Amino acid sequence: MGRLRRDRLLPLLLLCSLLAADLYFHVWPEVRRRGGLLLLLTGRPLPPSSCPCTSHPSPVPHNVSRPAPSKLRELFLHPLHLGAPQPLPDTEDHLLSGSKAIRSYRRQVSRWNRKQKFYREELNMTYPDIQAAQLNLQANWLRFHQEISHSGLYPRDSLTVPKLLEDISNFNTISADYSPDEKALLGTCDCSQIVKPSGVHLKLVLRFQDFGKAMFKPMRILDFRRVPPVAGRMINITQEILDVASNEDLQSVFFISPANNVCFFAKCLYMCKAEYAVCGNPHLLEGALVAFLPSLKLAPRVSVLNPWIRSYTFTGKEAWEVNPFYCNTLKQHYPYNNSNRLLNIIDMAIFDFLIGNMDRHHYEMFTKFEENGFLIHLDNARGFGKHSQDEISILAPLYQCCMIRKTTLQRLKLLALEDYRLSDVMRESLLQDLLAPILTEPHLLALDRRLQKILDTVKSCIEINGEKQVVIEDSFEEPV
């Protein structure tokens, strides 16, 4: 009798173990992604201001009658951020012509539907049962494209961007493929142009149920509206990438690790090894999703070599790295004899110094806006690396040219005040992301430290050259 019970007990224990593993690795991560235990028990999501990662919230003191005011909200209500009322841009001020863009997107939808039909019927490919795509003229990604103007990727008071970030965070994917850069490599890796030997080049393009697209890669606080909207998201790399991928090259780089995790790697000659792969747990992987800009055919962009590009080799130095008067020479040549372009470069350097990005080798501009257009800050993946290191050479455009836009300086000084401290407003802003907390406390405090170094650099320039020469009035409509 005892042996019979033991024989029944072993299968029962095995089934319980399998159930526990399934709950831990599949159900629980999904519950956290969709709003935590509160959603599971009550059907109500967490409030937007709550942090789902906080296990033990601090008790509220009895003598506090109301929550502390939002520094982020107060910052956006400050006159420096509100600015003068912005008139509605005319047709020429918009990046896209409404009717032309709609026709182009409708053609894209038609081509995509024909392509999916070909995969299913002609190639007999197993593919998820997805209905034919339709262009929704009210889709937030389309509104985002229509809002781009010569003053920025979105207006200060945009209601579209928060909705777009919510879509990116929650919409189902209907296809996945390599990015255009990956396809251009053809598996050969031109490391001198696209990939750094120390990096892992892996970018995937995901298409969502509303036909919008985002770039999957494992800041509005300065009013620099030049960075495409980005949201954190937990991706099920099996269901949301592998199962919807029609590219056989992409499918071929997926494998199951010895720990039973689903993994994939960049198909590149020097890194086609499992040890360079990224893996889910066992299927879920954190990543950043960046909203796509309009296609190059619809809105051409020019890529320009950063005049302060770094020397990526040990054999030589760039001119700015050895010549402290490099900026004086640069000012004599087009397009940097235009102070607007140079001030935009300096704004970009300030942004990069704050996030610790040393890899700004190019910048892009929409050709329609010509010289008065803003610089698009793409590819910020190298930011927030070492919180303890402040690479002052990133600020070379600022301390070599000793120029700064007046409005930029005013906003930097504002963020150095207690009521609008940069680390505090950044911390509050990032709590809105599904993967919050995004930055550790040392990274947030590094922002305050770096901000003070920027202000000290400007102060030194003013002491040497005088405020009139250093702080440049916004004599034209500022491109930020």
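Let's start with D379, which is in the loop between β10 and α14, residues 396-401. This is a predicted model, so please keep that in mind throughout. In the UniProt record, an unreviewed entry, D379 carries the feature "binding site". How exposed is D379 here? Its relative accessible area is 35%, so D379 counts as partly exposed.

Now to the other annotated aspartate. The UniProt entry, again unreviewed, puts the feature "active site" at D359. You will find D359 in the loop between α13, residues 339-355, and β10, residues 362-366. Is D359 buried or exposed? The relative accessibility is 11%, and the cut-off for buried is under 20%, so D359 counts as buried.

Since α13 comes up here, let's look at that helix. It has 17 residues, and at 1.5 Å a residue the expected span is 24 Å. The C-alpha atoms at its two ends are 25 Å apart in the model, which agrees with that expectation. How much of α13 is covered? Mostly covered is the answer: 16 of its 17 residues are buried. Just after the helix there is a glycine to look at, G356, with a positive phi of about 75°.

On to the aromatic rings. A quick reminder: a pair of aromatic rings is described by the distance of the centres and the angle of the planes. The count for this model is 5 aromatic pairs. Take F254 and F264: their ring centres are 4.8 Å apart and their planes are at 10°, so this pair is stacked. F254 belongs to strand β5, residues 254-256, and F264 to strand β6, residues 262-264, so the pair ties together parts that are 10 residues apart in sequence. Both ends of that pair are worth checking for burial. F254 has 12% relative accessibility and counts as buried. F264 is at 1%, and F264 counts as buried too.

Next, F366 and F374. What is the geometry of the pair F366 and F374? The ring centres are 6.1 Å apart, and the planes are at 75°, so the pair is edge-to-face. F366 counts as buried, with 2% relative accessibility. F374 is buried as well, with a relative accessible area of 1%. There is also a cluster to point out on your screens: ring pairs link F366, F369 and F374.

Let me finish with helix packing. Two packed helices are described by the angle between their axes and the distance between the axes. Please find helix α6, residues 140-147, and helix α7, residues 160-170: their axes come within 9 Å and cross at roughly 140°. Why is this not called antiparallel? The antiparallel class needs an angle over 145 degrees, and the crossing angle makes α6 oblique to α7. As for handedness, the crossing of α6 and α7 is left-handed.

One last stop is A101, in helix α5, residues 98-121. A101 counts as buried, at 1% relative accessibility. How far is A101 from L142 in sequence and in space? The two are 41 residues apart in sequence, and their C-alpha atoms are 9.2 Å apart in space.

That's my tour, and I'm happy to go back to any of these places with you.

Conventions. Residues are numbered from 1 along each chain as its sequence is written. This is a predicted model: local features need pLDDT of at least 70, side-chain atom pairs count only at pLDDT 80 or more; totals for chains, interfaces and linings use all residues. Side-chain values use heavy atoms; hydrogens and water are left out. UniProt positions are given in the numbering used here, feature names are shortened, and annotations may be inferred rather than shown by experiment. Helices (H or I, at least four residues) and strands (E, at least two) are DSSP runs, numbered from the N terminus. Buried means under 20% relative accessible area, exposed over 50%, partly exposed in between (1.4 Å probe, protein chains only). Rings of Phe, Tyr and Trp (its six-membered ring) pair if their centres lie within 6.5 Å; planes under 30 degrees apart count as stacked, over 60 as edge-to-face and the rest as tilted. The expected span of a helix is 1.5 Å times one less than its number of residues. Axes are lines fitted to C-alpha atoms, for helices over the stretch in contact, and angles run from 0 to 180 degrees between N-to-C directions. Angles under 35 degrees count as roughly parallel, over 145 as roughly antiparallel, 65 to 115 as roughly perpendicular and the rest as oblique. A crossing is left-handed if the near helix is turned anticlockwise from the far one by less than a right angle, and right-handed if clockwise.
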